[in-house]
Amino acid sequence: MDPTLKLLAFLILVLANICPIKSDFSHCEKVVKNWASSSLQQRVKEDKHTLRDLLFFLHVPRTGGRTYFHCFLKRLYANAQECPRSYDKLRFDPRKQECRLLATHDDYSMMSKLPKEKTSVVTILRNPVDRIFSTYEFSIEVAARFLVHPNLTSATKMVGRLRPGATGVSTLDIWPWKYLVPWMREDLFARRDARKMMGSIDIKRNDPYDMEEMVMPLQEYINDPRAHELVHNGETFQVAGLTNNSYFAESHEVRCCVQKHKILGEHVLEVAKKRLDDMLYVGLTEDHRESATMFANVVGAQVISQALTENSSMESAANSKSGQGSSHSESLPDNDDNQDSTSDHKADEIGSTEDLEEKKETMTVGKLMEAYEGCISSLRKTQSRRRKSSLKRISPANFSKEDRSRVSEVVIEQIRSLNHLDLELYKYAQEIFAKQHKHVVEKLSSMESESMFNNPGGITMWKFFSSAMCIVVLLALLFLFVNARRRMSKVKI
């Protein structure tokens with residue numbers, strides 16, 4: 001199909017999604033309230049601070065989640081423990097899988113496919129204005145990589161040839177980039193073709209967010225129906241479970257009603273807040289260092305502890321089986337088939353846990369943080385090189401923090417207005433973050449106090465400190481006694 005027709009077809013689809021047949025206020029109010037009421041009644045275990053069997057990392061786009069996945073989770077979980085990572089293609093029932101980690105851009109509705117009582121959820125949120133900037137920039141950055149091709153048709157054919165045989169997960173397969181990148185790709189090619197037809201162009205503006213000769217201006221981007229459908233209030237809809245990638249049957253109608261009647265968004269916001277309340281960990285992109293340290297202590301420490309406990313149990317079970325096997329071999333005849341079967345089974349067991357044991361054998365929270373620092377430094381360098389390489393193709397439209405600060409207040413205020421739910425959810429996440437931080441500090445302080453008295457070395461130090469204090473007190477008393485004797489002798493004379 002012609003790229004222009006494909007773009008038009010998608011636009012019609014988006015418009016159809018935004019405008020359901022029946023969307024009057026009274027009907028929408030009933031639909032949204034019923035969904036919210038049902039969602040708020042769902043309960044989770046009271047002890048949300050305890051890590052359960054399955055960790056669901058709800059990855060909100062452009063919050064730094066990729067860093068957490070590669071620099072934390074890949075070091076905490078073995079490859080065999082990861083659930084299949086195909087993001088929005090993850091249409092399977094994880095209860096049938098022997099996996100412990102699910103990291104995906106799927107929204108909270110994924111919980112309907114998971115064993116709720118055995119699943120802990122973690123996520124990271126970002127200041128909504130910064131997230132919109134980042135989403136816009138990343139959409140263009142990835143799309144600009146295709147400008148190495150002479151035209152859009154060539155670029156599209158290349159993607160079609162590569163994807164069928166690809167073993168990894170492409171950005172073009174991941175929600176929401178599977179929609180946003182092709183949109184920007186077609187726009188970039190259209191603008192490049194227009195420049196060629198006009199000949200040389202003197203670009204006088206130095207604002208990359210308003211350089212229409214090169215890229216779609218930011219203001220045009222945020223007002224497009226696709227941005228309304230996929231980007232604005234994206235954190236709230238994803239945490240609530242109402243994206244256009246949702247498993248909830250009623251999600252499409254609820255989302256449409258909220259987009260048409262702004263006031264109904266408050267009900268969705270309450271559900272999203274409750275989801276955050278029930279999570280094991282909520283991080284903030286802006287408080288990067290503090291968030292990472294807290295993740296290591298809240299999530300990392302428990303994953304390490306679980307692994308050590310499981311390894312110990314497996315060793316005990318293996319020793320027990322070994323003892324039973326030796327007693328049976330004395331009374332039963334050899335059975336080659338049975339022995340081969342058992343050895344194969346044990347080999348599979350060892351193979352599935354070998355890389356995990358390798359990672360966990362000497363892992364501590366401190367070592368995890370050290371590994372994280374090295375990993376994030378390397379990852380940032382790689383990302384920076386790739387970003388520079390992509391943006392060269394649309395120079396001088398290169399984005400920077402300084403450029404962001406020069407964007408007009410009118411555009412910034414419009415972004416805030418379009419993301420009013422996300423702004424409220426982010427404030428709530430900051431409150432949760434502060435409570436989490438306090439809880440972790442208190443827990444660590446308690447553990448340090450306990451280690452002083454439970455650790456033999458700690459007891460020795462305490463005894464030494466006590467003895468030293470006693471000696472100081474005795475010396476002080478002796479000094480006072482001697483001075484008193486001298487004064488008495490002077491009085492007698």
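Two worked exercises on a predicted model follow. Local features need pLDDT of at least 70, side-chain atom pairs count only at pLDDT 80 or more, and totals for chains, interfaces and linings use all residues. Residues are numbered from 1 along each chain as its sequence is written, and side-chain values use heavy atoms, without hydrogens and water.

**Exercise 1. Work out the strand order of the open sheet and find its edges.**

Step 1. Strands are DSSP runs of E, at least two residues, numbered from the N terminus. Two strands pair if DSSP finds at least two bridges between them.

Step 2. β1 (residues 54-58) and β2 run parallel, joined by four bridges. Leu58 stands opposite Thr104 in β2.

Step 3. β3 (residues 119-125) and β4 are also parallel, over four bridges. Thr123 has Val282 of β4 as its bridge partner.

Step 4. The order is β2-β1-β3-β4, with parallel pairing. β2 (101-104) and β4 each have a single partner strand, so one side of each lacks a neighbour in the sheet.

**Exercise 2. Describe the surroundings of Arg126.**

Step 1. Locate the residue. Arg126 sits in the loop between β3 and α4 (128-144).

Step 2. Check burial and charge. Arg126 is buried (under 20% relative accessible area, 1.4 Å probe, protein chains only). Arg126 has no salt bridge (a side-chain nitrogen of Lys or Arg within 4 Å of a carboxyl oxygen of Asp or Glu). The nearest side chain of opposite charge, Glu286, is 4.0 Å away.

Step 3. List the partners. The Arg126 side chain reaches the backbone oxygen of Arg62 at 2.9 Å. The side chains of Arg126 and Ser134 are 3.3 Å apart in a polar contact (N or O atoms within 3.5 Å, one able to donate a hydrogen and the other to accept it; residues adjacent in sequence count only if both atoms are side-chain atoms).

Terms used:
Buried means under 20% relative accessible area, exposed over 50%, partly exposed in between (1.4 Å probe, protein chains only). Lys and Arg count as positive and Asp and Glu as negative; His and the chain ends are not counted.
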